Amino acid sequence: MSQPLPYAHGGPPIAGRLRAEPTDFRVEEILGFEPAGEGEHAFLLVEKTDANTEWVARQLAEVAGVAPVAVGYAGLKDRHAVTRQSFSVQLPGRADPDWAALAIPGVSVISATRHNRKLKRGAHRGNRFRIRLRDVRGELDQVETKLLTIRERGVPNYFGEQRFGRDGQNLALAEALFAGRRMPRAQRGFALSAARSELFNAVLATRVADASWDRALDGEVWMLDGSHSVFGPEPWNADLAARLAAFDIHPTGPLWGRGELRSEGQVRALERAAIEPGRALAEGLQRAGLEQERRALRLGARDLVHEWLPDGGLVLDFQLAQGAFATTVLRELCDWAEFSA
């Protein structure tokens, strides 16, 4: 079903090399809360280089002598990067291992304290990114103008290519799952997420194509910025217009599942038409028992700044809400496809 996703701001003016080295892509998790300092969970701030989050969690469980289920984390972070994120390890009535002596390749514990509950998926507020683009060329004089547009209007909140796996293998998994193949829980989760993401991107692509991704249509459902709280539909008014302009609220699209769409009118008709080519995925998600949810169509890149390096490289610094992909911001500025072949 996948088709090229349209750009909101006219396409990228430059090309460059992304992730030439793990240190070119840095991610720092923003929890939005402080650990309690006491409790039965060791609370670790971990820096990992070129390592998968789930693999790190399993290694921590082995070091602590606990089952993998006793280890928690807020989100999956990029593998080919240097990332800092928190993990919790349940150790009821037990002292911490010597985290400073941790011997996991590419992994170090920056700090350790205690917390009174397990760190659960989605518990963080967002992530800060510092990304270096190498071998940059193209319309360099357009970079500042494009970044200003991104600051002022945001970007379409597409699910990034990472969600679909190498060569779209997670979508192929979803098709196999819906055809009756049994698979492990983690693999099944990747498949379901890819199917949902594909349908959401199809809806968002339709709204980018008709320039309605960051404005109101009849029957809109709204999401509060920085949360998963939704409201509407309700009649368009000056208050909603002001909140939309201030990035306090965003239009939403469906994360497909069982039940009726919350949207109405023009939006519901558009959403149904957009997912029609992916009806098999939609029906599979419904059979799998997922419920209808919503996701913001618009993504704001907070505190977006840039720096040109002496070697002609470009460094970007910005913050995104949890669940958002840095590559959805980068794609409006830079084409890195030729370097990824």
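These are my notebook entries on strands, a helix pair and aromatic rings in a predicted model.

**Entry 1: the sheet around S11**

I began with strand S11, residues 249-255, and looked up its burial: seven of its seven residues are buried, so I take the strand as mostly covered, with buried meaning under 20% relative accessible area. I then followed its partners on either side. Strand S9, residues 222-224, runs antiparallel to S11 and is joined to it by three bridges; within that pairing I noted methionine 223 opposite histidine 250. On S12, residues 293-296, I found four bridges to S11, again in the antiparallel sense, and there arginine 295 is the bridge partner of glycine 253.

Tracing the neighbours outward, I obtained an open sheet of four strands in the order S10-S9-S11-S12, with antiparallel pairing. Which strands stand at the edges? They are S10 (230-231) and S12, and because each has a single partner strand, one side of each is left without a neighbour in the sheet. I also looked for what packs on this sheet, and found helix H4, residues 185-209, which touches S11 and S12 and whose direction makes about 130 degrees with that of S11.

**Entry 2: H4 against H3**

Having met H4, I turned to its contact with helix H3, residues 169-178: the two axes come within 8 Å and cross at roughly 105 degrees. An angle of 65 to 115 degrees counts as roughly perpendicular, and H3 and H4 are therefore roughly perpendicular to each other. I listed the residues that make the contact, among them Leu171, Leu173, Ala174, Leu177 and Phe178 of H3, and Phe190, Ala191, Leu192, Ala194 and Ala195 of H4. By class, the residues of this contact divide into ten nonpolar, two polar and two charged.

**Entry 3: strand S1**

I next checked strand S1, residues 14-18, which is mostly covered, four of its five residues being buried. Its pairings run in both senses: with strand S16, residues 334-335, S1 pairs in the parallel sense over two bridges, whereas four bridges join S1 to strand S7, residues 126-138, in the antiparallel sense. For reference I recorded one residue pair from each, namely isoleucine 14 with its bridge partner cysteine 334 in S16, and leucine 18 opposite leucine 133 in S7.

**Entry 4: aromatic pairs**

A search of the whole structure gave me seven aromatic pairs. In one of them, phenylalanine 25 and phenylalanine 129 have ring centres 6.1 Å apart and planes at 80 degrees, so the pair is edge-to-face. Phenylalanine 25 lies in strand S2, residues 25-30, and phenylalanine 129 in S7, so the pair ties together parts that are 104 residues apart in sequence. Are these two rings in buried or exposed residues? Phenylalanine 25 counts as buried at 1% relative accessibility, and phenylalanine 129 is buried as well, at 4%.

I also followed phenylalanine 159 and phenylalanine 325, an edge-to-face pair with 6.1 Å centre to centre and 70 degrees between the planes. Phenylalanine 159 sits in the loop between strand S8 (155-156) and H3, and phenylalanine 325 in the loop between strand S15 (314-321) and helix H8 (326-330), 166 residues apart. Phenylalanine 159 counts as buried at 7% relative accessibility, and phenylalanine 325 is buried with a relative accessible area of 11%. Last, I noted that ring pairs link Phe25, Phe129 and Phe318 into a cluster.

Technical notes:
Residues are numbered from 1 along each chain as its sequence is written. This is a predicted model: local features need pLDDT of at least 70, side-chain atom pairs count only at pLDDT 80 or more; totals for chains, interfaces and linings use all residues. Side-chain values use heavy atoms; hydrogens and water are left out. Buried means under 20% relative accessible area, exposed over 50%, partly exposed in between (1.4 Å probe, protein chains only). Two strands pair if DSSP finds at least two bridges between them. Contact means heavy atoms within 4.5 Å. Axes are lines fitted to C-alpha atoms, for helices over the stretch in contact, and angles run from 0 to 180 degrees between N-to-C directions. Angles under 35 degrees count as roughly parallel, over 145 as roughly antiparallel, 65 to 115 as roughly perpendicular and the rest as oblique. Ala, Val, Leu, Ile, Met, Phe, Trp, Tyr, Cys and Pro count as nonpolar, Asp, Glu, Lys and Arg as charged, and the others, Gly among them, as polar. Rings of Phe, Tyr and Trp (its six-membered ring) pair if their centres lie within 6.5 Å; planes under 30 degrees apart count as stacked, over 60 as edge-to-face and the rest as tilted.
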